[in-house]
Amino acid sequence: MKFILDLCTWKVTTDSDDRNREREHDIFKHTLIRYFGYANEVGESFRALIHVNWVRLSYLTASGYVVADSIHKGYLTSQKSFNSPHEKRTQVSVSVGDTLVWQGLASVAIPGLTINRICALSNILLKKTSSLPCSVRKWTTTGIGLVCIPFIISPIDRSVDHLMDKVIRPYYPVSSDPHSNHEDSESGS
């Protein structure tokens, strides 16, 4: 298990303003793994063409991504220095909880519902306004859903950040250790 967690936290060096800086490489943000967070949107796009169990599997995949990212953020937080074991537990809990809520909303719940409704509405409109055969209408609906995915991500991410900043994050306990401040949990879809 430690080997897997070590892979998740390797460092990369970047040149910025003629100076080297080391930053943490987050595999849930900066690698292809982040696309697992979009699995449910793809599943919702294909809902008209595939068995509902495949759609459910896409939600399971995206939810697995959310849980893995949350555990990863908790692990990273646990590696920081804290003044007491209680403070460490509190900050790890905040990190895991924040990531779980943020990702659950921004990667699974809201995008899944959005693509589902876009595809349903597209199908209804195509049925009422065109004479396309059913199979063509289903493929068109799927295409519309897939094309919409990149356009919904940023607005949803920003909205979830705003929501959490106003409703949840003000109630987080403040750490007395300046090195353990909560970092933005945004990662993925």
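**View 1. A nonpolar patch on the surface, built from Ile50, Trp54, Leu57 and Leu60.** Together these four side chains offer about 410 Å² of accessible area. Keep in mind that this is a predicted model. Leu60 is a good one to zoom in on: its place is in helix H4, which covers residues 52-78. Since exposed means over 50% relative accessible area, Leu60 counts as exposed because its relative accessibility is 58%.

**View 2. Helix H4 packed with helix H5.** Here H4 meets H5, the helix of residues 85-129. Their axes lie 8 Å apart and make an angle of about 155°, so H4 is roughly antiparallel to H5. And the handedness? H4 passes H5 in a right-handed crossing.

**View 3. Val147, out on helix H6.** H6 takes in residues 134-167, and Val147 has its place there. Is Val147 buried or exposed? With 53% relative accessibility, Val147 counts as exposed. Ile115 makes a handy partner for this close-up: 32 residues separate Ile115 and Val147 along the chain, while their C-alpha atoms are 10.0 Å apart.

**View 4. Stepping back to the protein chain, with its 6 helices and 2 strands.** Read from the N terminus, the elements go α-β-β-α-α-α-α-α. The chain has 189 residues, and 39% of them count as buried, that is, under 20% relative accessible area.

Terms used: Residues numbered from 1 in each chain as written. Predicted model: local features only at pLDDT ≥ 70, side-chain atom pairs only at ≥ 80, totals over all residues. Heavy atoms only, no water. Patch = residues over 30% accessible without salt bridge, like charges linked within 9 Å, V, L, I, M, F, W, Y side chains within 5 Å. Areas by Shrake-Rupley, 256 points an atom, 1.4 Å probe, with all protein chains shown as cover. Helix = DSSP H or I, 4+ residues; strand = E, 2+ residues; numbered from the N terminus. Buried < 20%, exposed > 50% of the residue type's maximum accessible area, 1.4 Å probe, protein only. Axes fitted to C-alpha atoms, helices over the stretch in contact; angles between N-to-C directions. Parallel < 35°, antiparallel > 145°, perpendicular 65-115°, else oblique. Left-handed = near helix turned anticlockwise from the far one by under 90°.
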